Amino acid sequence: MKIKYKTKKGLVERILLLEILKGLALTLRRMFSKSVTVQYPKEKKKLFPGFRGRHALIRDPASGTARCVACMRCATVCPSRCISIRYTKDENTGARKVTSYEIEALRCIYCGYCEEVCPVNAIVLTEEYEYSDYVREPFHFDMEGLLHNWDQFLAKNKIDPKTYINPFLRPRGASEGELPAGKRISVPSDWTFEGQVVWRDGRAVPAKEAVRL
Amino acid sequence: MSANKPDLKLIKNDTPGGENEAYTVAMGPQHPATHGVLKLDLELDGETVIKCRPTVGFLHRGVEKLAENMSYAQVLPLTDRLDYIASMANNVAYSIAVETLLGIETPLRAKYIRTMVMEMARLTGHLLWLATHALDIGAMTVFLYCFRERENLLDMFEELCGARLTTTYTCIGGVRQDVTGHFLETLYAFTEEFPSRVKEYETLIDQNRIWLKRTKGIGVITAEQAVSLGLTGPSLRGSGVDYDVRKHMPYDAYPFVEFEVPIGSEGDVYDRYRCRMEEFLQSNSIIRQCIEQLPAGPVRAEDAPDLVMEYNPAKKVAADATFSSGIIKLMEDRDRYMQGDVYVAAEVPKGELGFYFVSDGHGRPYRMHIRSPSYIHIGALPYLCEGYMVADVIANIGSLDVVLGECDR
């Protein structure tokens, strides 16, 4: 497709500065329209679930501590290698017990691989993003720090841990059968494989109800 | 060649210390109009550039070397940091390359979603290009208008994958998250609104006499020269060469959507600008078609490798269904990964982004090479700048649309 345009101007256009007046008129019109700027520290935007912010270990309501089973999948998959886990092994049962779980948040690139591969939904990147500091120490999270992050996140946003959902804990569009048992949390219907949406007649409708023409 | 380009042979250089001695200026790497950390050594005669020598590498992070020590899945977040203003496109390009290497077929729904996000990335990339290009030349207002729409698109990225710039959205064999109804409706409403916004940008600069003076007949590059310099993308199409990876080597859902490739004729800064402005509308139309045609189905291929890719894929133990005695047979999950080498390219906002892999059958690339359009475009800068004024250097850098993160990688 050859682009067609006309840049030659007639005498009237050249004398009357028409194109400049048109531009100025647009700017003038915009002065009376609604402002799109968000005055950040005063107003804050609502984040969508699944924003990749500060790390936390989910506190299991049953045991009161982290769910981590030291499978080392998160430490293996981490592209920046910022997770380090130490664990002890029970000689009789072979069960692993986490002794330390550390995340170097300044190394982290917030890709969300760790929460996606975790089979028990132990680690999560919360929707918390205001945690800058002048020193490095606060960014070296240990196990208590990560559990504290989770408590703080729940308290600050008034979230019930039972109903907390995150698309990385259960990937959207994944069918329940292919997920490990720990990841089968209940999610809104359009997040599941069965409730997938498609576009029909100018709106998003569940794929099941969509009538194919 | 354009008429206003002076003959360089007429400019005489005197001996050092003489009256007409060439004056050397180091432009960058901190110059805001060089779009990052590009350094240009300019030799000037008055205000005319006699010689231009680009220096790159200030943002080198060794992505290609890093990739040799990472699994294919782990390299994906690194591609976010190549062209960081349209990282979604890099993700898609990388995933296509790895899928070709490993022989994985992506499900149709994932293909459509990828095409959709790739065109969204093209919009974000071109919006930032228009904003900064106009700002460099002196049109401040367009900057503010472009960032208004870019913000909308970044918000949609955030809803889709949880990050605005470093998206890491695709995975090998599909995408990581399915779309939601709210996302589709927001995006569709945006595509309905967007063509009128493009009209607004055009009202501001398209016919503006200062804009025309700064762009018409500047940085002319003929079709033959553009091809021999290896230009791709809108920078090549501005010179009138009909080459687009989306049309000529279609990938993902591009064979199923209708779009046209805008071609310029003059090959100057203004034609490259017009090409990208037309691409706004074409991308917008592709996004709409993707939403309307989006089929239902899985978003990740069944044989897609796990995120935790092993260096040596282990043999999998599985019960053989043919024996009822419960004999367990040692089955091989995958005969290692594919061996050999592959070059796969995709059309990102800047041009043709290609990934070249050499694989020795392990879960890591033996060697990865990135053919980044920005690096090659910077190589064309001396041809564009020599003989023009210093102020035109800025217009030329802007019209080639280089990003130094991708150039230096």
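What follows is a chat between a biologist and a modeller about chain B of a predicted model.

Biologist: Before the details, what does chain B come to in secondary structure, and how much of chain B is buried?

Modeller: Chain B has 15 helices and 10 strands. Of its 409 residues, 61% are buried. As for contacts between residues at least 6 apart in sequence, 71% join residues at least 24 apart.

Biologist: OK, helices. What makes helix 6 of chain B roughly antiparallel to helix 11 of chain B?

Modeller: The angle does. Helix 6 (residues 181–205) and helix 11 (residues 269–293) of chain B pack at about 165°, with axes 10 Å apart. Angles over 145 degrees count as roughly antiparallel, so helix 6 of chain B gets that label against helix 11 of chain B. Their crossing is left-handed.

Biologist: And which residues make that contact?

Modeller: From helix 6 of chain B, they include B:L184, B:L187, B:F194 and B:V198. From helix 11 of chain B, they include B:M277, B:F280, B:L281 and B:I291. By class, the contact between these two helices divides into 14 nonpolar, two polar and five charged residues.

Biologist: Why are helix 4 of chain B and helix 14 of chain B called roughly antiparallel?

Modeller: Again, look at the angle: helix 4 (residues 108–137) and helix 14 (residues 390–400) of chain B pack at about 175°, with axes 9 Å apart. The cut-off for roughly antiparallel is over 145 degrees, and therefore the pair qualifies. In the contact, B:W129, B:H133, B:D136 and B:I137 of helix 4 meet B:I394, B:A395, B:G398 and B:S399 of helix 14. That contact has four nonpolar, three polar and one charged residues.

Biologist: Staying in helix 4 of chain B, where B:E119 is found: how do you know whether B:E119 is buried or exposed?

Modeller: Check its relative accessible area, which is 0%. Buried means under 20%, so B:E119 is buried. Leaving out residues up to four places away in sequence, B:E119 touches B:R246, B:Y254, B:S283, B:I286 and B:I287.

Biologist: What about B:E347 in strand 8 of chain B: why does B:E347 count as buried?

Modeller: B:E347 has 1% relative accessibility. With the limit for buried set at under 20%, B:E347 therefore counts as buried.

Biologist: What makes the pairing of B:E347 with B:R237 a polar contact?

Modeller: The distance is one part of it: the two side chains come to 3.0 Å, and the cut-off is within 3.5 Å for a pair of N or O atoms, one able to donate a hydrogen and the other to accept it. The side chain of B:E347 also reaches the backbone nitrogen of B:V245 at 3.2 Å. Other residues touched by B:E347 include B:M118, B:R122 and B:Y251.

Biologist: Last one: B:R367, in strand 10 of chain B. Why is B:R367 called partly exposed?

Modeller: Its relative accessibility is 32%. Buried would need under 20% and exposed over 50%, so B:R367 counts as partly exposed.

Biologist: And how far apart are B:R367 and B:E64, in sequence and in space?

Modeller: They are 303 residues apart in sequence and 7.4 Å apart in space, C-alpha to C-alpha. Their side chains make a polar contact at 3.3 Å. Not counting residues up to four places away in sequence, B:R367 touches B:E64, B:E68, B:Y356, B:F357 and B:V358.

Terms used:
Residues numbered from 1 in each chain as written. Chains lettered and ligands numbered in written order. Predicted model: local features only at pLDDT ≥ 70, side-chain atom pairs only at ≥ 80, totals over all residues. Heavy atoms only, no water. Axes fitted to C-alpha atoms, helices over the stretch in contact; angles between N-to-C directions. Helix = DSSP H or I, 4+ residues; strand = E, 2+ residues; numbered from the N terminus. Parallel < 35°, antiparallel > 145°, perpendicular 65-115°, else oblique. Left-handed = near helix turned anticlockwise from the far one by under 90°. Contact = heavy atoms within 4.5 Å. Nonpolar A, V, L, I, M, F, W, Y, C, P; charged D, E, K, R; others polar. Buried < 20%, exposed > 50% of the residue type's maximum accessible area, 1.4 Å probe, protein only.
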